[in-house]
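Hi there,

Here is the structure I promised to pass on to you. Please open it alongside this email, and then read on for what turned up in it.

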Amino acid sequence: MEENGEEKLIAAVRHIAKTLGRTETMAEDILQVFSAFDGRFSLDKLSSDRPLPRRRSPADSPAAGTAVAGGGGATAGGREADDPRPPLERTIRTLDRQISRFVASDRLIWSDAADAAAFLEAVDDLLATMRDLESPSGTGDKSLFDRTDDLLQRCMLRLEEEFRAILDRPDGFAAAGGISTPPSEDSDSDGADEGEDHVPVAAPVNDYNLVIDALPPGSIADLHAIARRMVDAGFGRECAEAYGVSRRGFVDESIARLGLRPRAADEVQATPWADLEDEIARWVKAAKMAFLILVPSERRLCDRVFASLAPFADLAFAAACRPAAAGLLCFADAIAAGPREPERLFRLVDMYEALHDLLPELDHLLSEQYSATLRAEVAAAHRALGAAIRGIFIELENLIRRDPAKAAVPGGGLHPITRYVMNYLRAACAFRRTLEEVMEDDATGVTIPPDPHHPSSSSLSLQVAWIMDVLQSNLEAKSKVYPEPPLSFIFLMNNGRYMTQKARDSELGALLGEDWIRRQMAMVRRWGNDYQRTTWTKVVAVLRMDGIGGAAASSSAAAGKAMRERLRMFNAYVEDIWKVQVGWVVVDEQLRTELRLAIGALVLPVYRNFVARLRQAGEVGRQIDRHLKYSVEDVETRINELFEGGRRW
């Protein structure tokens, strides 16, 4: 009876092995477990009827077999007497069976927490075995080492696959009983429009003092567990690159949501400037979004996933963020390399200031081995924009020099180049702090002649003063186009006064200094004196009584005739001057008033004295009404009608 009972027990064991064993090797492992558990179940007794392999049903979990096989590992001492293979080889054989079940599974391992824990435990055992093989006390069996290494390779490939799955579908395991993730705020409620490759993205924001938690804590813990095993196995770079590929889509899509798309430099430079201005405005916002929210958030996530796994955290971070950041910086480089047209200055300053404000934030964030390259690229784009800004000022000088001196402005009025340059510089000086930094950072070696009036001036003030000198020289050349010297001086007065007025009481004036303004005002007065000298000196000269003598002499017939001739000449001069100069222009009202008062002060007293002497000139005096065409008031009226220019300015 006892013998029959043992036979029934052995038959039951064989039936269990046949039922649970998916392969012949698995069935053999089950028999070995029973053999180690009870001495009555020797392999000799059990092997007479080995169980046939059975295909595992889809409902079965790989962890079930692992638990049984793992139990065999715990009782390996009981099998050693029956298995002639060395213990290390038996361990590798057992691990191969355990891990192969997971690697061959069509279902994601991390969809079940028990499977994930069992697989990680098997990986840890494999890594420990690998260390034993590599130790000085190892067997030195190359074939055994190669087998273990091949198993490790397959194991790492599956871990990488699981790693990507958790990253790409952080909420995808909820239905299978894994860690669930709250739905993204940006996702549709029904999910009908989402494809398999849907990547969650960040919406544009205005508050840059926030951090995006793109993955739930549970997923981060799972990712860290996988990353630690891959790093321990020497696959840290592959893990970091897998992270970068998966997270890159999130960053790229977030940038794309701000209205930017990657473009080649040639395409950017071929785009009309009006379109680029709008794109630059979006770029500034996108740069802040990228480097103040997305990049710090990715750094935080990488540091948690790859905690204590340096330098792979930095490698993963750079792989995730650098492509999108490089696209942003490529756009900046393309803009910086474009034409140095002056109207581009203000948008370039916007870009320069954006990067300037970001650099201090990136000093700590991008300070490690791999991310430091990105920090250097941001700094290089910043320098390129600075060089472009300096180039624009040089181009402004060239534009002034190239402006032709052929066509004269009607009436000696304000020249368009003066209006353009002064308004341009006045607007540019609103960015004085930035421009001073740009000019001080000039690494081109281009030098500007020092200002003898301001030996300690900043680079920007020297640059602007130099542009003003170039403009002044250009205006003086243009003044020579006028055939009448007085009109040349009117032209210079108009433009010189405009330059002074635009500089005074503004940041431009503060940059140029009070000395420059005083010198400019002195030049305007000098041109005014030159105008009076070339126009009115001859008028006043004909009224002088030189050669006519005193009152008695002026009453003679000869003197009277001479005075009538001088009066005729005066009338002719006044008439001619009025006819011509009433169409000339003095743009500034105050300057126009000052100039008229100066002319009146020069002419009217002399004319009034002349008329008084003429009334005392005997017969001529008695007939003065016949010869006196203009009264003193009439002459004053004529003077006050000068420089109106039909109000054409």
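**Two helix pairs**

Helices α8 and α10 are roughly parallel to each other. The angle behind that statement is about 30 degrees, and the axes of α8 (residues 142–168) and α10 (residues 236–256) are 9 Å apart. A pair counts as roughly parallel when the angle is under 35 degrees, so α8 and α10 qualify. If you are new to this kind of description, two packed helices are described by the angle between their axes and the distance between the axes. Please keep in mind throughout that this is a predicted model.

The crossing of α8 and α10 is also right-handed. On the α8 side, the contact is made by Glu160, Phe163, Arg164, Leu167 and Asp168. On the α10 side, the residues are Glu238, Cys239, Ala242, Tyr243, Val245, Ser246 and Arg247. Sorted by class, this contact of α8 with α10 has 6 nonpolar, 1 polar and 5 charged residues.

One residue to click on here is arginine 164, which lies in helix α8. Leaving aside residues up to four places away in sequence, arginine 164 touches Ala242, Val245 and Ser246. Is arginine 164 exposed or only partly exposed? With a relative accessibility of 29%, arginine 164 counts as partly exposed. Arginine 164 also gives you a nice example of folding at work on the page: leucine 223 is 59 residues away from arginine 164 in sequence, yet their C-alpha atoms are 9.1 Å apart in space.

Now turn to a second pair, α15 (residues 371–402) and α17 (residues 432–440). The axes of α15 and α17 come within 9 Å and cross at roughly 95 degrees. That angle makes α15 roughly perpendicular to α17. From α15, the contact uses His382, Gly386, Ile389, Arg390 and Phe393, while α17 brings Leu435, Glu437, Val438 and Met439. By class, the residues of the contact of α15 with α17 divide into 5 nonpolar, 2 polar and 2 charged.

Helix α15 holds an arginine to look at too, namely arginine 383. Arginine 383 counts as partly exposed, because its relative accessibility is 48% and the exposed class begins over 50%. Measuring aside, the model places the C-alpha atoms of arginine 383 and tyrosine 352 at 8.4 Å from each other, although the two residues are 31 apart in sequence.

**The chain as a whole**

How many helices and strands does the protein chain have? There are 27 helices and 0 strands. Of the 649 residues in the protein chain, 45% are buried. Looking at contacts between residues at least 6 apart in sequence, 79% join residues at least 24 apart.

**Cysteines**

I also looked for disulfides. A disulfide is a covalent bond between the sulfur atoms of two cysteines. A search of the whole structure finds 0 of them. Cysteine 302 is in no disulfide, and the nearest cysteine sulfur to it, that of cysteine 321, is 6.7 Å away. Cysteine 321 is likewise in no disulfide, with the sulfur of cysteine 302 as the nearest cysteine sulfur. The cut-off for a disulfide is 2.5 Å between the sulfur atoms. Are these two cysteines buried or exposed? Cysteine 302 is buried, at a relative accessible area of 0%, and cysteine 321 is buried as well, at 2%.

**Backbone details in the loops**

For the last stop, some background helps: most residues other than glycine have a negative phi, and most peptide bonds are trans.

Where does proline 311 lie? Proline 311 is in the loop between α12 (273–305) and α13 (312–336). The peptide bond that joins alanine 310 and proline 311 is cis, with omega about 5 degrees.

Serine 308 belongs to the loop between α12 and α13. Serine 308 is not a glycine, but its phi is positive, at about 60 degrees. Serine 308 counts as exposed, since its relative accessibility is 79%.

Aspartate 505 sits in the loop between α19 (485–503) and α20 (507–512). Aspartate 505 has a positive phi of about 60 degrees without being a glycine. With 75% relative accessibility, aspartate 505 counts as exposed.

Enjoy exploring!

How values were computed. Residues numbered from 1 in each chain as written. Predicted model: local features only at pLDDT ≥ 70, side-chain atom pairs only at ≥ 80, totals over all residues. Heavy atoms only, no water. Buried < 20%, exposed > 50% of the residue type's maximum accessible area, 1.4 Å probe, protein only. Axes fitted to C-alpha atoms, helices over the stretch in contact; angles between N-to-C directions. Helix = DSSP H or I, 4+ residues; strand = E, 2+ residues; numbered from the N terminus. Parallel < 35°, antiparallel > 145°, perpendicular 65-115°, else oblique. Left-handed = near helix turned anticlockwise from the far one by under 90°. Contact = heavy atoms within 4.5 Å. Nonpolar A, V, L, I, M, F, W, Y, C, P; charged D, E, K, R; others polar.
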